[in-house]
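Here is a short briefing on one protein chain. Have the sequence and the coordinates open while reading.

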Amino acid sequence: MINITNLKKKIIYRSNYRGTKEMDKLLGSFTKRYINIIKKEELQYLCNLLDYDDENLYKYNQGQKTTIKIDANNVTELFKNYIYVSE
């Protein structure tokens, strides 16, 4: 059985330490906003989202054409429509 608390910690860490400052902020704030709102079953979608490379994730979020296909689900739709506002 998956420990939800540990999975959330792993997701938060992975979203905040991406390699580029811009994606750290974008994915970090997105994760912080939604990690406790999405359903437990959707945590795996969020985990899968973090497997994509930064360039394609950024393009996807900005509505630009990506070089890969990003699976459509509730989490990717939230991310596609997410607008980062600095805190």
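Does Ser 86 count as buried or exposed? Ser 86 counts as exposed, because its relative accessibility is 53% and the cut-off for exposed is over 50%. This is a predicted model. The points below cover helix packing, salt bridges, a buried acidic residue and the C-terminal segment.

**Helix packing**

- The axes of α1 and α2 come within 7 Å of each other. They cross at roughly 150°.
- Angles over 145 degrees count as roughly antiparallel, so α1 and α2 are roughly antiparallel to each other.
- On the α1 side, the residues that meet α2 are Ile 11, Ile 12, Ser 15 and Asn 16. Their partners in α2 are Met 23, Asp 24, Leu 27, Gly 28 and Thr 31.
- α2 also packs with α4, which spans residues 54–62. Here the axes come within 11 Å and cross at roughly 60°.
- That angle makes α2 oblique to α4.
- The crossing of α2 and α4 is left-handed.
- From α2, the contact uses Met 23, Leu 26 and Leu 27. From α4, it uses Asp 54, Leu 57, Tyr 58 and Asn 61.
- Met 23 and Leu 27 appear in the contact with α1 and also in the contact with α4.

**Salt bridges**

- How many salt bridges does a search of the whole structure find? It finds four. Three of them are described here, including one that links separate parts of the chain.
- Arg 14 and Asp 51 meet through their side chains in a salt bridge, at 2.6 Å from N to O.
- Arg 14 belongs to helix α1 (residues 4–16), while Asp 51 sits in the loop between α3 and α4, so the pair ties together parts that are 37 residues apart in sequence.
- Arg 14 is partly exposed, with a relative accessible area of 22%. Asp 51 counts as exposed, at 55%.
- Lys 59 pairs with Glu 55 at 3.3 Å, N to O. Both lie in helix α4, four residues apart, or about one turn of the helix.
- Glu 55 is exposed, with a relative accessible area of 52%.
- Lys 80 pairs with Glu 77 at 3.4 Å, N to O. Both lie in helix α5, three residues apart, again about one turn of the helix.
- Both ends of this pair are partly exposed: Lys 80 has a relative accessible area of 32%, and Glu 77 has 33%.

**A buried glutamate**

- Where does Glu 42 lie? Glu 42 lies in the loop between α2 (21–34) and α3 (43–49).
- Glu 42 is buried yet has no salt bridge.
- The nearest side chain of opposite charge is Lys 39, and it is 5.1 Å away. A salt bridge needs nitrogen and oxygen within 4 Å, so Lys 39 does not qualify as a partner.
- With neighbours within four places in sequence set aside, Glu 42 is in contact with Asn 74 and Val 75.
- Helix α5 covers residues 74–80.

**Lys 80 and its surroundings**

- Lys 80 is placed in helix α5.
- Which residues does Lys 80 contact, leaving aside neighbours within four places in sequence? They are Tyr 60 and Asn 61.
- Asn 61 is also one of the α4 residues in the contact with α2.
- Lys 80 and Asn 3 are 77 residues apart along the chain. Their C-alpha atoms are separated by 28 Å.

**After α5**

- Asn 81 lies in the segment after α5. Asn 81 is exposed, with a relative accessible area of 55%.
- The C-alpha atoms of Asn 81 and Gly 63 are separated by 8.7 Å. Along the chain, the two residues are 18 apart.
- Ser 86 is also placed in the segment after α5.
- Ser 86 and Lys 25 are 61 residues apart in sequence. In space, they are 8.2 Å apart, C-alpha to C-alpha.
- Lys 25 falls within the residue range of α2, 21–34.

Conventions:
Residues numbered from 1 in each chain as written. Predicted model: local features only at pLDDT ≥ 70, side-chain atom pairs only at ≥ 80, totals over all residues. Heavy atoms only, no water. Helix = DSSP H or I, 4+ residues; strand = E, 2+ residues; numbered from the N terminus. Buried < 20%, exposed > 50% of the residue type's maximum accessible area, 1.4 Å probe, protein only. Lys, Arg positive; Asp, Glu negative; His and termini not counted. Contact = heavy atoms within 4.5 Å. Axes fitted to C-alpha atoms, helices over the stretch in contact; angles between N-to-C directions. Parallel < 35°, antiparallel > 145°, perpendicular 65-115°, else oblique. Left-handed = near helix turned anticlockwise from the far one by under 90°.
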